[in-house]
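These are my notebook entries on one protein chain and its ligand. I begin with the overall fold and then turn to single residues.

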Amino acid sequence: MTAQPKKQSNQAEGGHSMYTCQKADEYIKKNRVDRADKPEFHLTTPVGWLNDPNGFSIYGGKAHLFYQFHPYSTEWGPMHWGHSSSKDFIKWEELPTALAPDSKFDSFGCFSGTAIENDGKHVLFYTGVVEEKLADGTKNVIQNQCMAVGDGISYEKISGNPVVDGKIMPEECSRADFRDPKVWKDEDGRYYMLTGNRTYDGIPQVVLFSSDDMYNWKFESVFAKDETGRFGVVWECPDYFEMDGHKLLIVSPQDMSADGEFHNGNNVVFFIGDVDEENHIFKYEKAVSVDSGFDFYAPQTIMTPDGRRVMIGWMQSWDSVNTLPRGQKWACMMSVPRELMISDGKLIQTPVRELCGYRQNKLVVNDTLRGEKTYEGINGRVIDMTVDIKKADCGHFTMHFAKDEIHETNVSYTPGTQMLEIDRTFAGWIRDTNCVRKVKIKNGNGLSKMRIVMDWNSIEIFVNDGEQVLSTVIYTPRNAQDIVFETDGCVELEVEKYDLNI
Ligand code: FRU
């Protein structure tokens, strides 16, 4: 865990047997945050802190989403699993806390993992974090993989935990950074588990295990690793699946340095590649950045019963987590769930189609913009808006969102360089070290369309029908509702805007 100093410092000494799901639920009952203070449709906690999505799955006819949860504070702490379910990915129903760090195999936290359905049961795989005392008296935090079985409401950890002890890995694999199991049942009837890892000498990788019965696991392979030095230090939260004839591995690398479409810091990387089935080794052909905004990390995907691959991520960055408005009692939220596709070798992401069912008050504006303008009714903070840029003869075209006299978050396009930039310098944060993020439009023809989804504290921008995405959290006071369009030249545009009524 050397790569996560910030989080370690939040942990109390000596384990957490004082934490149980029941205590968490009692605390939630007394301290619940009013819905009116939260986003409308981006999942967040009843109270307290949230990070990664966990156990994203379909069970009992609903989508279930668990999440890394610390109910007692707005900072990361001893990790529980919170739990919600939804019929449409937009309206979420809160369920009891599913896991608490109450056992000797997870006393330092129940970290991220998966859920699968097996024999009618909902089975969770997660990382149990424990502290180990070494022979010389020093202590070490280590991570193993654990299992719990439930019915969609309550979950019981099995007695044989941990089911995968890091000792069964080759010696060079770090036991301190060994987490976030992704488990699936393959066509061959066997279970596979892919887990984030690094070697002790700093190469990020994912490791694969297999099992006939979900309880007894054997090490299979180092499934993929970074042989280039480009992709960070630890690969967190792996996901692996086939889509549109391609094999895809998603990882969340910590601490990358900027390179092509990847920005500084943590990124989410989509590797498109192929697998040597005999040796269980994934070779990537292409690496794609999933999100070019500030806030998207640790996503998980599912296949819906109607055959869509849907992804949800934590809409936050570890670099800006401690910058909430004073007095806010909930911290962090999930992204809007996105449908994924590969078309002409390109990754396409669009908000789940269910969101369109909540559109209201359609407004369409066609204009040739010169200078600065607002349009009647084109404003708000909970909206779904598409801007078609038909012609841009200008140095820049800028939209100012969540604007009042003091605040604004600006999305600006420069046709000359084909760069799109989001700037939240004046969004109203109490502390923010990273206020501007830029990305080059990839298609070679520049920006022609943006779909913008806003929900009080966030702006998600789907560029050119989902070829690129920028997700950004803003903590701007709620009365900043204007949208101003502005250019130094002439822009022909069509704006189609809906309010979202959840
Ligand atoms: C990713 C992550 C995971 C880990 C979890 C702990 O954001 O670091 O690797 O399981 O958060 O909360």
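**Entry 1. Overall fold**

How many helices and how many strands does the protein chain have? I counted 2 helices and 31 strands. I note at the outset that this is a predicted model.

I next looked up the overall dimensions. The C-alpha atoms fill a box of roughly 70 × 50 × 45 Å along the principal axes. For 502 residues, a compact globule would have a radius of gyration near 23 Å, and the protein chain, with 22 Å, agrees with that. Of the 502 residues, 48% are buried. Among contacts with a separation of 6 or more, 58% join residues 24 or more positions apart.

**Entry 2. Domains and core**

I looked up the division of the protein chain and found domain 1 (1–31 + 48–163) and domain 2 (358–500). Their centres, taken over C-alpha atoms, are separated by 37 Å.

Which residues of the largest nonpolar core touch the most other members? They are Leu99, Leu124, Met193, Leu249 and Ile461, in a core of 131 residues. Both domain 1 and domain 2 give residues to this core, so it lies between them. I recorded the general background as well: in soluble globular proteins, nonpolar side chains tend to be buried together.

I followed one of these residues further. Leaving out residues up to four places away in sequence, isoleucine 461 touches Val411, Met450, Ile452, Val469 and Leu470.

**Entry 3. Tyrosine 155**

I located tyrosine 155 in strand E8. Is tyrosine 155 buried or exposed? I entered tyrosine 155 as buried, because 25 other C-beta atoms lie within 10 Å. Beyond four places in sequence, tyrosine 155 touches Ala98, Leu99, Leu124, Ala148, Val149 and Gly150. Two of these contacts, Leu99 and Leu124, are on my list of core residues that touch the most other members. I also checked a remote pair: tyrosine 155 and asparagine 479 are 324 residues apart in sequence and 42 Å apart in space, C-alpha to C-alpha.

**Entry 4. Ligand surroundings**

Which residues come nearest to the ligand? Of the 13 residues around the ligand, I listed Gln68, Phe111, Ser112, Glu236 and Ala298 as nearest. I then looked for the elements that give two or more residues to this shell, and found strand E1 (48–59), strand E5 (110–118), strand E9 (173–185), strand E13 (235–243) and strand E17 (297–303). By class, the shell holds 5 nonpolar, 4 polar and 4 charged residues.

**Entry 5. Backbone geometry**

For background I noted that most residues other than glycine have a negative phi, and most peptide bonds are trans. I therefore recorded the departures from this pattern.

The peptide bond from asparagine 161 to proline 162 is cis, with omega near -5 degrees. Proline 162 lies in the loop between strand E8 (155–157) and E9.

Phenylalanine 89 is not a glycine, yet it has a positive phi of about 70 degrees. I placed phenylalanine 89 in the loop between strand E3 (80–86) and strand E4 (93–99). It counts as buried, because it has 24 C-beta neighbours inside 10 Å.

Methionine 214 also has a positive phi, near 75 degrees. I found methionine 214 in the loop between strand E11 (204–211) and strand E12 (218–225). With 20 other C-beta atoms within 10 Å, methionine 214 is buried; the cut-off for a buried residue is 20 or more.

**Entry 6. Two charged residues**

Where is lysine 247 found? I traced lysine 247 to strand E14 (residues 246–253). Lysine 247 is partly exposed, because 17 other C-beta atoms lie within 10 Å. Its contacts, apart from residues up to four places away in sequence, are Glu242, Gly273, Asp274, Val275 and Phe282. Lysine 247 and tyrosine 284, 37 residues apart in sequence, are 9.0 Å apart in space, C-alpha to C-alpha.

Aspartate 432 lies in the loop between strand E26 (419–426) and strand E27 (436–440). I entered aspartate 432 as partly exposed, with 17 C-beta neighbours inside 10 Å. Outside its neighbours within four places in sequence, aspartate 432 is in contact with Ser320, Thr323 and Arg424. I also looked up its distance to arginine 175: the two are 257 residues apart in sequence and 33 Å apart in space, C-alpha to C-alpha.

Methods
Residues are numbered from 1 along each chain as its sequence is written. This is a predicted model: local features need pLDDT of at least 70, side-chain atom pairs count only at pLDDT 80 or more; totals for chains, interfaces and linings use all residues. A nonpolar core is a set of buried Ala, Val, Leu, Ile, Met, Phe, Trp, Tyr and Cys residues joined through C-beta atoms within 7 Å. A residue is buried if 20 or more other C-beta atoms lie within 10 Å of its own, exposed if 12 or fewer, and partly exposed in between; C-beta atoms are placed from the backbone. Domain bounds come from an automatic or database domain assignment. Two residues are in contact if their C-beta atoms, placed from the backbone, lie within 7 Å. A residue is near a molecule or strand if its C-beta atom, placed from the backbone, lies within 6 Å of it. Helices (H or I, at least four residues) and strands (E, at least two) are DSSP runs, numbered from the N terminus. Ala, Val, Leu, Ile, Met, Phe, Trp, Tyr, Cys and Pro count as nonpolar, Asp, Glu, Lys and Arg as charged, and the others, Gly among them, as polar. The radius of gyration is taken over C-alpha atoms; the globule rule is 2.2 Å times the number of residues to the power 0.38.
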